[in-house]
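Subject: Structure handover and notes

Dear colleague,

Please find below the structure I promised to pass on to you. My notes on what was found in it follow directly after it.

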Amino acid sequence: MKNYILTSIIMVLGVLFIYGCTDDGEDNEHNTQNKSETGFGLTEDNHSFKFNDLTFSMNDNFDIIFNEETTKDWGHAEDYIYTYNIEHDGNHVANLKVTNRTFEEGGILFTEIKEEGSPDVTFDLTYDVDIDDAWHSFDELDYTFNHNPTVGVDPLKGPSTLLNSEEGSYLFGRGTLSHDTTEEYEEGNQSQVRVLDEMLEEESLDPIEYEWNFDGKAEQFQTWVMYSDEKLIEDEAYIDEIKTDMVENYRRYQKWLTPDGIYAKLPWSVKPFDEMGYGRNIGYQFRSEHRKQYHKKEELYDVLFMRNMITSIEVIKDDFPSYDLPPTEYTSSWLQQPYGLQAPYLDTRHLSGLGLFYLNMMEIFEVDYMDEYLLYADYLVESLDDPSNSFSVGNDYRLIGDYDGPGLTEIPHASLNHVLAEIHYLMKAYFETDDTTYLDAAHDMRSAVEEIGTDWIREEGEYAGDLWYQINSDLTFSGNDYACLTLEDLHFAQEDFAQTEYGKSDMLETLYESKLNSGVCDNAPHLSD
C-alpha cells in the first residue's frame with residue numbers, strides 16, 4: 001500500500017459526494033448540511049473530512065462551515081454545487097465552492113477557494129489515500145514552454161497524477177492561483193480576462209503537498225479531478241500516448257478546467273492586457289484529438305473530456321442569454337483598432353468549428369444537436385444578405401466579415417480560411433437537410449471567391465505564389481496566410497461541391513496549386529486525389 005497525499009480539496013469532497021460519508025456523528029453548530037441527501041459531511045473538528053481511507057484536512061486553525069447546496073441541469077449533465085465559508089482563528093478568510101459535474105459515465109469535480117481579505121493566512125491542503133499500485137505520476141514529464149509569437153509563453157502543465165483502478169479512477173488536474181480583470185464598455189458590455197498568477201508546484205512529492213498565500217494579486221485557487229467508478233483507461237499502453245499528447249500538444253491540451261468553461265492562453269492583443277492572460281476561447285472549448293482517439297480506443301478518458309466540452313459550451317451560452325451563438329468574451333486590440341469591435345463578439349471560424357463539433361458528438365453520443373448546428377448555418381445565410389455584416393466583391397457577390405459584435409465602425413475583413421470554412425459548413429448543412437437554401441448560399445460564396453480570382457495570389461517577395469490572408473471591405477489585400485490550413489479548406493470545399501451539380505471549381509484548384517507550389521506547406525492533400 002502506498003500513501004499519497006494530494007493537495008486538492010475537491011478530490012476528497014468529490015469522493016464523498018459519490019460514495020457517502022462514514023461519519024455517523026450528529027451535526028455540530030457549524031455544519032447544517034444534510035448528510036443523508038448529499039452523502040457528505042464534516043468530522044467533528046470542522047476542518048477535516050474522512051471516508052474510509054480518504055482524508056482531506058486543513059490545519060486545526062481552520063473551520064469549514066456549510067452554506068448552501070444548489071443544482072443546475074444541463075440535460076446531458078448535472079451540476080451539484082456546494083458552497084462553504086472558511087474561517088481561520090475565528091475570522092472569515094475564504095469562500096469554498098465545490099461543483100460535482102455528473103455524466104452518465106462519471107464526472108468531473110471542481111474546487112474553487114476565493115480569498116476574503118486573507119493575505120497573511122497560509123493555506124495548506126492535503127489529500128491522503130491508501131491504495132495498491134494503480135498510480136501514474138506525470139510529474140516527470142519534460143515540458144518545453146516555447147515562446148509563441150501570438151500568445152507568448154503558456155506555462156501551464158497537464159494533469160499531475162492518474163489513479164487508474166477498476167475500483168474507481170481519478171485524473172487530478174493542477175492547482176492554479178489567479179485573478180480576474182475586466183474592461184468595461186457602454187451598455188453593460190465588458191471584456192473578461194483571467195490572469196494566471198501561479199501554477200502551484202508541489203511542496204513535496206511523497207507525500208504531495210501544496211501551500212500558498214493570497215498575498216499578491218491572486219484571489220482564487222482552482223483545481224479539478226475527473227472520476228469514474230471504472231478504469232478511465234483500460235489499455236495501459238494508452239497512458240504513454242496521453243503523456244506524449246500532454247507534452248507535444250500542451251497548448252491545445254485542455255489543462256485548466258473550471259465549472260464555467262475551459263481556460264486557454266490568449267493572444268497578447270487581448271484587452272485588458274496581461275502576459276499571463278487566459279480566457280474561455282470558443283475554439284479551445286472543443287478538441288478533435290479526443291474524438292479521434294475514441295474512435296480507435298473507446299476509452300472513458302476521452303468520453304468524459306468530450307462530455308465536458310459539450311457542457312462548457314452550454315455554460316458559456318447560458319452566460320450570454322441575449323446571444324443565440326456563443327460569443328468571444330474578451331476584446332482584441334487587433335480587431336478593435338481598425339474596426340472598433342468590442343467584446344462580446346462572434347468569430348466565424350470558431351463557430352464553424354463548434355458546429356462541426358456538434359455533428360461529431362451527434363454521431364458518438366446519439367444525441368440530436370441538429371438545431372444547434374443549423375442555428376449557425378442560418379446565421380450565415382442571413383449575414384450574406386445583410387449589408388451591415390457583409391460586403392460586395394463585384395457582380396452582386398458578397399463575403400461575410402470574419403467578426404460581428406458591438407462597437408463596429410466598419411465591416412471587418414474576410415479571410416480566405418474563414419470564407420472556405422463557412423462554405424464547408426453550409427455544404428454540411430445541405431447534406432444533412434437537403435435544404436437547397438444552404439447549397440445556394442455556399443455556391444454564392446464560392447462565386448465571390450472566384451470573382452476575386454487570381455488576385456488572391458501574391459506575386460512578389462518571399463511569399464510569391466502563396467495566398468493573401470484577407471480581403472478588406474475596400475477590396476485591398478493584406479496578411480500572411482496560414483501555412484497549411486487554407487489548403488485543407490480548399491480541399492474540403494472542392495470535395496463538397498464534387499457531390500453536387502456544380503462540381504469542382506477550376507479557380508479553387510488554381511488557388512490550391514499555387515499555394516501548394518509556393519512551398520509554404522509540406523503536407524497537404526491533392527485535389528485530384
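Counting rings of Phe, Tyr and Trp (its six-membered ring) as a pair if their centres lie within 6.5 Å, one arrives at 29 aromatic pairs. Pairs are classed by the angle between their planes, with under 30 degrees called stacked, over 60 edge-to-face and the rest tilted. The pair of Phe-320 and Tyr-323 is edge-to-face because the planes stand at 75 degrees, with the ring centres 6.1 Å apart. Tyr-358 and Tyr-369 also form a pair, a tilted one, with 5.2 Å from centre to centre and 40 degrees between the planes. This second pair links distant parts of the chain, since Tyr-358 belongs to helix α7 (residues 348-365) and Tyr-369 to the loop between α7 and α8 (370-384), eleven residues apart.

The model is a predicted one, in which local features need pLDDT of at least 70 and side-chain atom pairs count only at pLDDT 80 or more, whereas totals for chains, interfaces and linings use all residues. Residues are numbered from 1 along each chain as its sequence is written, and side-chain values use heavy atoms, with hydrogens and water left out.

For burial, the cut-offs are under 20% relative accessible area for buried and over 50% for exposed, with partly exposed in between (1.4 Å probe, protein chains only). Phe-320 is therefore buried, at a relative accessible area of 11%, while Tyr-323, at 23%, is partly exposed. Tyr-358 and Tyr-369 are both buried. One aromatic cluster is made up of Phe-62, Phe-123, Trp-212, Phe-214 and Phe-221.

Two rings also have a charge over them, which is assigned if NZ of Lys or CZ of Arg is within 6 Å of the ring centre and within 35 degrees of the ring normal. The charged end of Arg-307 sits over the ring of Phe-365, at 3.9 Å from its centre, and Arg-446 lies over the face of Phe-497, 4.4 Å from the ring centre. Both Arg-307 and Phe-365 appear again among the contacts (heavy atoms within 4.5 Å) of Glu-105, which, leaving aside neighbours within four places in sequence, also include Ser-228, Leu-300, Val-303 and Leu-304. Glu-105 itself is in the loop between β6 (91-103) and β7 (106-115), and its C-alpha atom is separated by 8.7 Å from that of Glu-230, 125 residues apart along the chain.

As for the chain as a whole, it has twelve helices and 28 strands, taken as DSSP runs numbered from the N terminus (helices H or I, at least four residues; strands E, at least two). Of its 529 residues, 57% are buried.

Which helix does α4 pack against? Helix α4 (residues 288-297) packs with helix α5 (residues 300-319) at an angle of about 145 degrees, their axes being 9 Å apart. Axes here are lines fitted to C-alpha atoms, for helices over the stretch in contact, and angles run from 0 to 180 degrees between N-to-C directions. From α4, the residues His-290, Arg-291, Gln-293 and Tyr-294 meet a set in α5 that includes Tyr-301, Asp-302 and Val-303.

Two loop residues may be set side by side. Pro-159, in the loop between β9 (135-137) and β10 (161-165), is buried, with a relative accessible area of 0%; among the residues that Pro-159 touches, not counting those up to four places away in sequence, are Phe-138, Trp-224 and Tyr-253. Lys-217, in the loop between β15 (208-213) and β16 (220-228), is exposed at 63%, and on the same basis Lys-217 touches His-179 and Asp-197.

Finally, some backbone details. Most residues other than glycine have a negative phi, and most peptide bonds are trans. The peptide bond from Lys-271 to Pro-272 is nevertheless cis, with omega near -5 degrees, and a cis peptide bond likewise joins Ala-343 and Pro-344, where omega is about -5 degrees. Asp-89 has a positive phi, near 50 degrees, and so does Asp-434, at about 65 degrees. Asp-434 lies in the loop between α9 (416-433) and α10 (436-452) and, at 61% relative accessibility, counts as exposed.

With best wishes
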